[in-house]
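Welcome! Take a moment to look over the sequence and the model, and then follow one part of the fold at a time.

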Amino acid sequence: MSISVDEVFRGSPLLGTHAMDEVTAIQKELFARFLDHRGTATYLGDSISFEPGVFPPRPDSVVLAQSMEISWGAKVLDVGVGSGVLSVVAARRLGWGKSGNKQGRIVGTDVSLLAVQCAANNMRRIFGDVDGNLNIEVA
């Protein structure tokens, strides 16, 4: 799926209806690089994939992940789920593995459909069957 910079900025509720008039050429170039970027990064032992149009995990995500305290069986809300790195860490804190019973529940939301798909793919690849314990959706 290919997305142009103009498609991303046009009518963005985050940028307003006149966003294209206010976006500089430099901002467009930087964002175009982001749209074409894909890769894999390892965070706290798990390999997180990200696709074009999905922000890669940031270094401050590791700091947040390391400080997360989650009780067994808790319900976790990951707002701005992105690639799902914090949802993966939350699942590890809940004791999730590739197989077996998964305790607790994780809900991830993002304004980007691409991010939601990326996060769901990462969770399924790392943890296998997560249906019933995981809900990631556009919001």
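Val89 is a good place to begin: this residue lies in helix 5. In this predicted model, Val89 has a relative accessible area of 5% and is therefore buried, the cut-off being under 20%. Setting aside neighbours within four places in sequence, Val89 is in contact with Leu44, Ala65 and Met68. Gly45 can be found 9.6 Å from Val89, C-alpha to C-alpha, although 44 residues separate the two in sequence.

Now widen the view to the helix around Val89. How many of the nine residues of helix 5 are buried? Seven of them are, so the helix is mostly covered. These buried residues are Val85, Leu86, Ser87, Val88, Val89, Ala90 and Ala91. What do they pack against? Their partners are strand 1 (39-43), strand 2 (46-50), helix 4 (59-67), strand 3, strand 4 and helix 6. After helix 5 comes Gly95, with a positive phi near 90°.

One of those partners deserves a closer look. Helix 5 (residues 85-93) packs with helix 6 (residues 113-127) at an angle of about 35°, and their axes are 9 Å apart. The crossing of the two helices is right-handed. On the helix 5 side, Ser87, Val88, Ala91 and Arg92 take part, and they meet Met123, Ile126 and Phe127 of helix 6. By type, the residues of this contact are five nonpolar, one polar and one charged.

Phe127 leads on to another feature, as the structure holds one aromatic pair. Why is the pair of Trp96 and Phe127 edge-to-face? The ring planes stand at 90° and the centres are 5.7 Å apart, so the pair is edge-to-face; planes over 60 degrees apart count as such. The pair links distant parts of the chain, with Trp96 in the loop between helix 5 and strand 4 (105-110) and Phe127 in helix 6, 31 residues apart. Both rings belong to buried residues: Trp96 has a relative accessible area of 3%, and Phe127 has a relative accessibility of 0%.

Next comes the sheet. Three strands form an open sheet in the order 3-4-5, with parallel pairing. Strand 3 (75-79) and strand 5 (134-138) are at the edges with a single partner strand each, so one side of each has no neighbour in the sheet. On average, neighbouring strands are turned by 10° against each other, direction ignored. Strand 4 and strand 5 run parallel and are joined by five bridges; Gly108, for instance, has Ile136 in strand 5 as its bridge partner. Helix 6 packs on this sheet, where it touches strand 4 and strand 5, and its direction makes about 165° with that of strand 5.

In strand 3 you will find Asp78. Is Asp78 buried or exposed? At 8% relative accessibility, Asp78 counts as buried. Beyond residues up to four places away in sequence, Asp78 touches Leu86, Ser87, Val107, Gly108 and Thr109. The C-alpha atoms of Asp78 and Thr109 are separated by 6.3 Å, with their places 31 residues apart along the chain.

Here are the buried residues with the values given for them.

| Residue | Relative accessible area |
|---|---|
| Val89 | 5% |
| Trp96 | 3% |
| Phe127 | 0% |
| Asp78 | 8% |

How values were computed
Residues are numbered from 1 along each chain as its sequence is written. This is a predicted model: local features need pLDDT of at least 70, side-chain atom pairs count only at pLDDT 80 or more; totals for chains, interfaces and linings use all residues. Side-chain values use heavy atoms; hydrogens and water are left out. Axes are lines fitted to C-alpha atoms, for helices over the stretch in contact, and angles run from 0 to 180 degrees between N-to-C directions. Helices (H or I, at least four residues) and strands (E, at least two) are DSSP runs, numbered from the N terminus. A crossing is left-handed if the near helix is turned anticlockwise from the far one by less than a right angle, and right-handed if clockwise. Contact means heavy atoms within 4.5 Å. Ala, Val, Leu, Ile, Met, Phe, Trp, Tyr, Cys and Pro count as nonpolar, Asp, Glu, Lys and Arg as charged, and the others, Gly among them, as polar. Rings of Phe, Tyr and Trp (its six-membered ring) pair if their centres lie within 6.5 Å; planes under 30 degrees apart count as stacked, over 60 as edge-to-face and the rest as tilted. Buried means under 20% relative accessible area, exposed over 50%, partly exposed in between (1.4 Å probe, protein chains only). Two strands pair if DSSP finds at least two bridges between them.
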